[in-house]
Structures are given as C-alpha cells and as structure tokens.
Amino acid sequence: MKNKVFFFIALCISLTSFAQQARMFPYYLPLTGTSKPPEIEEYFGSNAPTLAQRYTEDGLALTFDEDEHAFTGFALSNLSFTSNYGIEVEFKYAMIDGKKYNGNYGDGLSMFLYDSDKPFQIGGQGASLGYVYRNSSTNADIPGLNGAYLGVGLDLYGDFKTRSTGSGEKKEGIAGGTFSNRGYSHITIRGGSHGTNRYKGYPVLYSTATRGSWEGNARLDYDTGEYELRDSNLNKSFDLRTGYDREGEIIYHTVKVMILPNPSNTGSYIFMVVKHPDGVSDILYRYYYSHAFKTKDQDNVLYNFQTSMPANFKVGFAAGTGGATQTHLVKDVVIRLPYSPITYPNDVIFCIGDGDNKDRNVSIDPYRYTYFYRGEMSFPIGGNSADNIDFDSFRFEDEEGYPLNASTPYKHTVPGVGIWEYQRGSRKVKFTATTNNLSQGEYSIYYSAKGHNKPNMGPFGDEVYRSQPTKLTVIMKECERLVNPLIPVRIEVEEESGEFEHSWS
C-alpha cells in the first residue's frame, strides 16, 4: 500500500511511552525473501521444506507439493500485542500443485492466536493443522498448541473440523457423519484449550463449507453442546484452493480476521473474510466466542468448557499434508489495531503568479476525508466530526511519526521555505511562504490526531490509536491570477484502503 510506513519493531512497549515513540501499528512482514526472516520462530516437523524450497519470493512455503505427511509452522516471535484493544490479522496464502487423495488435495493451513507468555509449542500434525491435540491409544499423545486461544483453519481436505475417534487420532469436533466431511473446502474456527489442559478443548465453534454442499455451516449451541446445521447463502463456488491464473501466475487469497473483546471480558467477537482477487469471498460476520459453554469431548461426553483471553497475544501459522499434498504459501502478514483512524494524503495548489508571493498563504483541511471512531469496541461509530476527533490532539510529525516540536505541536518552521501552522479555530493547516521567490515544486509535512480521551468514548483517545503520519503537500506552481489558490488538487484515496475497517461497522 503506497504512502504507508510499516515498522518492524516489537510491540511490548508500555502504553505510557507511546507519546515518545513512532507508531507501533501497523506491523508488516512480507515473507517473500530467500532466507529465514529474523522476526519468526519456526517448528520443523516431518518432511518440512527448508532453504530454497521454504524461503521463496512467492512466500514462505510451509509444505512442498511432493511431500506426503509434511508438517511445519512458525510464529511471529517479535510481535506481542495486548488483548485490550483486540487485533486485526491479515495475510495472503496460496494452495498450489500437489496430488489428490480420495479425490481431493490437502490438507490445509491454520492461523492461530496464543498467549505470548507461553513458549511456542505447536499442536498436532495432520488434520490437527498444528493447533489441536491428537490423543491416541496406540501411539504417543500429542498436546495442542501451547497457550491456544483461537485457531482458524483453511481446510481443503475437511478433517480439521471433525471429531476423530480412531485409535491413532482422537480430538474434539463435529461428528463426521453430521456435516459435510472429506472432499470439501471448509473454513473452521476453533476455541482454545480447556483451561491449561493441552489434551482437552480446542472445540469447533463454527465451520462453513465453501463449495459443493447444501449444508452451509455448523454452529455450536453453547447451551446443549450440539451443532446447529444451517443452510447458507454464501457463494458455494468459492474454493479455498487457489491455483494459477491464465498467465500461469500464482493466485493468492486474502484472509482478514478481527477479534474484539467484549467489555466484561467473558468472550470476544470474531469477524472474518476470505477473499479471491476477483472479488468473490466467503465471510463469517460477527460470531460471538464465549469463554464458558457446554461442548462434547473426544468421546462424545458433555462437559463445561472454560477458557480466558490472555493479556497478550502472539500470531502463528501451520500447515500439513497427508496422502493428499500441495504447496502451502503464506506472505504479506499485516497486524493492525481494529478501527484505527483512516486518513489520506491531501494536496493543494499555491499559485506563484508573477513571482511575488510574499505574505501569501494557503490552507488545507486535514480532516476532510478522514474517519475516526468512538464508543465501545464492539459497536464503534465512525466519522470526522468533533464527536469523533479530538481536534486539540493535532501535532506535526516527521514521516516516521515522531513529533517535530514537542513544545509547540501546532507550529513548525522550515528555514528558507515557510511556516506551517495548525489553526485550532478553523481546524485547518495554514502554510505561509517566508521567501519572495519560493521555487516551483512540492513542499510537504506530516500530521496526526486521535479520538477523545473521555468516558464513553472507548479506547480511541489512547495514544496507541493516534492516526498514521499523514502527508499534507503544498504544490508551488505558476498559474493564472484567476485560479483560486485554495482549490485542492487531489486527495490520494487508495481503492482498498479502509475496506476491512469499514466492512465491520
């Protein structure tokens, strides 16, 4: 995304120091280099790709198409974020090549959130996708992901959602005969471990078939522990497998997941979309993840599940193959705060005229095309009025988000060029040239603001919610006297910018 600056730094800094720091969010990790990124911690299971097979310009390959029963995963070890504000996780993935088993490719990949205080210890291989445990009566038991809170499975083979009762693999889930089983593309969301027990829990909360089944989705009934099967109006032609386009280029799908805590911390709200580049998508809109409910264990025995949201999260990924194989690629991981302010660069013309521009000035409205939020995280209200923006929080910054003048945040002088001033009354930025012969060209500065730090305004007045450094530009040019020097030239609005944020409001 142009005009965005991403910072590869850990987010463990206390909020009291945010005023002295550049932005913590968004965090961006491309995963398109040809060597191991230092920001990740990895787990290598059987037949996991390494070196040039793993670290590619197309993304990090979790499995390679020729390898059966492959299993591997990684976590963003440098990134720990507080759960107070919730989180948005976005990434691109591809499932390509490979061979079928029982008529389908497999298995799939998972994205998960876990307690950052716990060491990265991945869950079971195969249908567990590195998230769920695998209990066994014949082999060694394998615990689930350490500190697990939430797991999202992009499951091409269809087994991540099921309750397994075989001697070699037992896990909780949906009974295989009651919901579309193998051979279908599924999105499945699982909860965390039952307390600290890594051999129990990880219940299926919700699962949807994305193609080929009249059974649209299955949702856990928190009161009975049974699954409600519902028809769905989702586009059933949507396949999680991506493949190649007509030019032979890899197709990537974009996954976006947002988690918001409820005020009482007894659960969280989950929003999710998986989007094909042509615009076709499969969406889970606003699912409530309770921290206490009834569900059934691996032996179909009803019990009272309990979990809690950790104080701090980390993000991880895993993928596996079985008899069915494919290459699983992940790239362009972005971590954001939910409902962060949306701002756009703003340009304005300053007409030089006959060359004498002494004492002339031009103004820009920095808030004209902005979008700030207020209220509860679960139901925020967006806008750019005084209800949403603390206009006194304005400050001039450099491109990386550091204040230009700590003592005078509303004024900045560029020697030999001009004076930038934020006028609190009009809420506009005035630029005044300080030389008679300022050259033609562009002269820029950055600014930021945030919401109100008042009761009932939610967290949007906290410094962590300060907007990204946003560019204001004065374009000095020769033009006719009749041209109004206050006419804006352009507002650089990216086509997809803000799409994820607005889609949940």
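These are short questions and replies about how terms apply to a predicted model.

Me: What makes up the protein in terms of helices and strands?
Reply: The protein has 2 helices and 36 strands. Buried residues make up 57% of its 505 residues.

Me: Why is R54 called buried?
Reply: Its relative accessible area is 0%. Buried means under 20%. So R54 counts as buried.

Me: Why is E42 called buried too?
Reply: E42 has a relative accessibility of 17%. The cut-off is under 20%. Therefore E42 is buried.

Me: How do you know that E42 and R54 form a salt bridge?
Reply: Their side chains meet with N and O 2.5 Å apart. A salt bridge needs a side-chain nitrogen of Lys or Arg within 4 Å of a carboxyl oxygen of Asp or Glu. The pair E42 and R54 therefore qualifies. The structure holds 9 salt bridges.

Me: What does the pair of E42 and R54 tie together?
Reply: E42 lies in strand β2 and R54 in helix α1, so the pair ties together parts that are 12 residues apart in sequence.

Me: Why does the pair of E169 and K171 count as a salt bridge?
Reply: The closest N and O atoms of E169 and K171 are 4.0 Å apart. The rule asks for within 4 Å. So the pair is counted as a salt bridge. R134 joins E169 and K171 in a network of salt bridges.

Me: What makes E169 and K171 buried?
Reply: E169 has 18% relative accessibility. K171 has a relative accessible area of 0%. The limit is under 20%. So E169 is buried, and K171 is buried.

Me: Why are D392 and R424 called partly exposed?
Reply: D392 has 41% relative accessibility. R424 has a relative accessible area of 48%. Partly exposed lies between under 20% and over 50%. So the label fits D392 and R424.

Me: How do you know that D392 forms a salt bridge with R424?
Reply: Their closest N and O atoms are 3.2 Å apart. The limit is within 4 Å. So D392 and R424 form a salt bridge. The pair links distant parts of the chain, 32 residues apart. D392 is in strand β30, while R424 is in the loop between β32 and β33.

Me: How do you know that D107 has no salt bridge?
Reply: The nearest side chain of opposite charge, R134, is 7.5 Å away. A salt bridge needs nitrogen and oxygen within 4 Å. So D107 has none, yet D107 is buried.

Me: What else is found at D107?
Reply: D107 lies in the loop between β7 and β8. A cis peptide bond joins G106 and D107, with omega about -5°. The residues that D107 touches include G126, A127, Y157 and H328.

Me: Which residues are closest to the centre of the second largest pocket?
Reply: The pocket has a volume of about 460 Å³. D107, G126, A127, D159 and E169 are the closest to its centre, out of 24 lining residues. The lining divides into 6 nonpolar, 11 polar and 7 charged residues. Strand β10 gives the largest share, 3 residues.

Me: What sets N300 and D332 apart in the phi angle?
Reply: N300 has phi near 70°, a positive value in a residue other than glycine. D332 has a positive phi of about 50° although it is not a glycine.

Me: Why is N300 called partly exposed, and D332 buried?
Reply: N300 has a relative accessible area of 37%, so N300 falls in the partly exposed range. D332 has 16%, which is under 20%, so D332 is buried. N300 sits in the loop between β22 and β23, and D332 in strand β25.

Key. Residues are numbered from 1 along each chain as its sequence is written. This is a predicted model: local features need pLDDT of at least 70, side-chain atom pairs count only at pLDDT 80 or more; totals for chains, interfaces and linings use all residues. Side-chain values use heavy atoms; hydrogens and water are left out. On a 1 Å grid over the protein atoms alone, a cavity is a set of points where a 1.4 Å probe fits but cannot get out, and a pocket is an open set with protein on both sides within 12 Å along at least five of seven lines; lining residues have an atom within 4 Å of a point. Grid points are joined across faces, edges and corners, and a volume is the space filled by probe spheres set on the points. Helices (H or I, at least four residues) and strands (E, at least two) are DSSP runs, numbered from the N terminus. Ala, Val, Leu, Ile, Met, Phe, Trp, Tyr, Cys and Pro count as nonpolar, Asp, Glu, Lys and Arg as charged, and the others, Gly among them, as polar. Buried means under 20% relative accessible area, exposed over 50%, partly exposed in between (1.4 Å probe, protein chains only). Lys and Arg count as positive and Asp and Glu as negative; His and the chain ends are not counted. Contact means heavy atoms within 4.5 Å. Lists of a residue's contacts leave out its neighbours within four places in sequence.
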